[in-house]
Structures are given as structure tokens and as C-alpha cells.
Amino acid sequence: QELEQMKNEARDMNNLALRKVAWQSSTIDGRAACKAVELDLSSMGSCTKREYEAWWEVDLAGTFPIKCIQITHEQREEQGAYIFLTSKPLGRARLNETKKLAFCSYPLQEDATTTVWSLPINANAACVRIQTRGVRDLSIKHVIVEQRHYDDNESSDEELLDNEIKLKKNLSFVDDDALSGAYTADGQTIGSQRKEQR
């Protein structure tokens, strides 16, 4: 456990969300949105009331290339919550509106306490949002948004811009009910991968 904490602290050095402005749809027991972006890993994190389409989001204070997002959360048989990358905070937007405005999404993992979303090289965002489907609470212990740093072996600025344009054109939610429009590094949707496996 001590080793895992050391790893998380090291990753927090590159955490775009650390101590940034965060909001959520409501607060219970003093567990405000900012608790999920503090360095104190002993904190219980943030938590909303049980409500319809509860949400949490953090403003990264700029648009950045995102390498990976790690969410530490409560373990549940059915999470019914999704991570979104957006160009700006969406506040009280309903889930359908969030889907229209977001670049892409990824589900919080069921029967787990941590969700890790590794993003393709052309994923840029200014805000990370988590929102539930239906009526439930949203409890987030810790959020890490890892910035991608480009080196000489990676794409040029022109290639990245071209990839970003393609990403915005091609990313769409393939299943409005299940929100299965999460994308892998090779550009396939999870939904399409499942169909191929059947």
C-alpha cells in the first residue's frame, strides 16, 4: 500500500487536475468536489447526493494533450457513470447534452475501485467530467489527469493538428443507451470491438 501511494504521488507531479477548480452537482457530508483533486490521498474524496444524472468536473485551466486519466472511486456492481473529455466546463448539463458536446467517453469500471483510461496521441481537452446515468450518487476519491509530453520520436505539430481534426470528426457515441462510445488507441470503438468478438 505504501508503494502504491508513492507511485500515485509521483504521478501527481504530472497531474493536470491537481488543486484545479472543480465542481459537482451537489455535496454531502462536506465532501466537496475539490476533495478529489487534493494531494491528500487519505481524504475520503468528493461525494454528491443521490440524484438524477449526478456530475463532477474539473477545469484544467487550459487545453492540454491527455495521456491517461485515473479515477479512484467506490466499488459497485454497476457504476452507471462515465468519464468525458470536453472543451469547457458544462455545469448543470444533462447527460444527452454532455454526450453532444464531449469529444469522447469511457465508463467507470464495475467491481473495481480504480478506472484507468489510456488515451490516443491526439486526445486534447480542457475539462474532465464524470456523470451518472439515472438516479444515483457519485463518489470520487481521487482524480489524476496525466499530461502527454511529446519527444522527438512522436508526431509533429502538423500531424497532431491533423489527428485532432480527424478525432473530432470521427468520435461519436455508438450506443446512446449504454454510452459505449469509448475509443481505444487504434481508433476503434469498444462497441465495434465487441461486435467483432462475437
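Let me begin with strand β5, which is mostly covered, since 6 of its 6 residues are buried. I should say straight away that what we are looking at is a predicted model, so please hear everything that follows in that light.

Staying with β5, the side chains divide between two directions: A81, I83 and L85 point one way, while Y82, F84 and T86 point the other way, and all of them are buried. So which strands does β5 pair with? One of them is β6, residues 104–107, which pairs with β5 in the antiparallel sense over 4 bridges, and within that pairing L85 stands opposite C104. Another is β8, which runs antiparallel to β5 and is joined to it, over residues 81–86, by 6 bridges. Here L85 appears again, standing opposite V128 in β8, and F84 has R129 of β8 as its bridge partner.

That brings me to β8 itself, residues 124–132. Is this strand enclosed or open? Because 9 of its 9 residues are buried, β8 is largely enclosed by the rest of the structure. Besides β5, strand β8 also pairs with β4, residues 55–73, in the antiparallel sense and over 7 bridges. V128 of β8 is worth pausing on if you are following along in the structure, as V58 stands opposite it, and L85 of β5 likewise stands opposite V128.

Let me return to β6 for the aromatic residues. The structure holds 1 aromatic pair. The ring centres of Y106 and W117 are 5.3 Å apart and the planes are at 10°, so the pair counts as stacked. Since Y106 lies in strand β6 and W117 in strand β7, residues 114–118, the pair ties together parts that are 11 residues apart in sequence. Both Y106 and W117 are buried.

My last stop is a single residue, T48, which is found in the loop between β2, residues 46–47, and β3, residues 51–52. Is T48 buried or exposed, given that it sits in a loop? Its relative accessibility is 1%, and because buried means under 20%, T48 counts as buried. As for what surrounds T48, if we leave aside residues up to four places away in sequence, it touches Q24, S25, S26, I28, A54, W55, D137 and L138. With L138 there is also a polar contact to look at, in which the side chain of T48 reaches the backbone nitrogen of L138 at 2.9 Å.

Notes: Residues numbered from 1 in each chain as written. Predicted model: local features only at pLDDT ≥ 70, side-chain atom pairs only at ≥ 80, totals over all residues. Heavy atoms only, no water. Buried < 20%, exposed > 50% of the residue type's maximum accessible area, 1.4 Å probe, protein only. Polar contact = N/O pair within 3.5 Å; in protein donor to acceptor, adjacent residues only side chain to side chain. Contact = heavy atoms within 4.5 Å. Pairing = 2+ DSSP bridges. Phe/Tyr/Trp six-rings, centres within 6.5 Å; stacked < 30°, edge-to-face > 60°.
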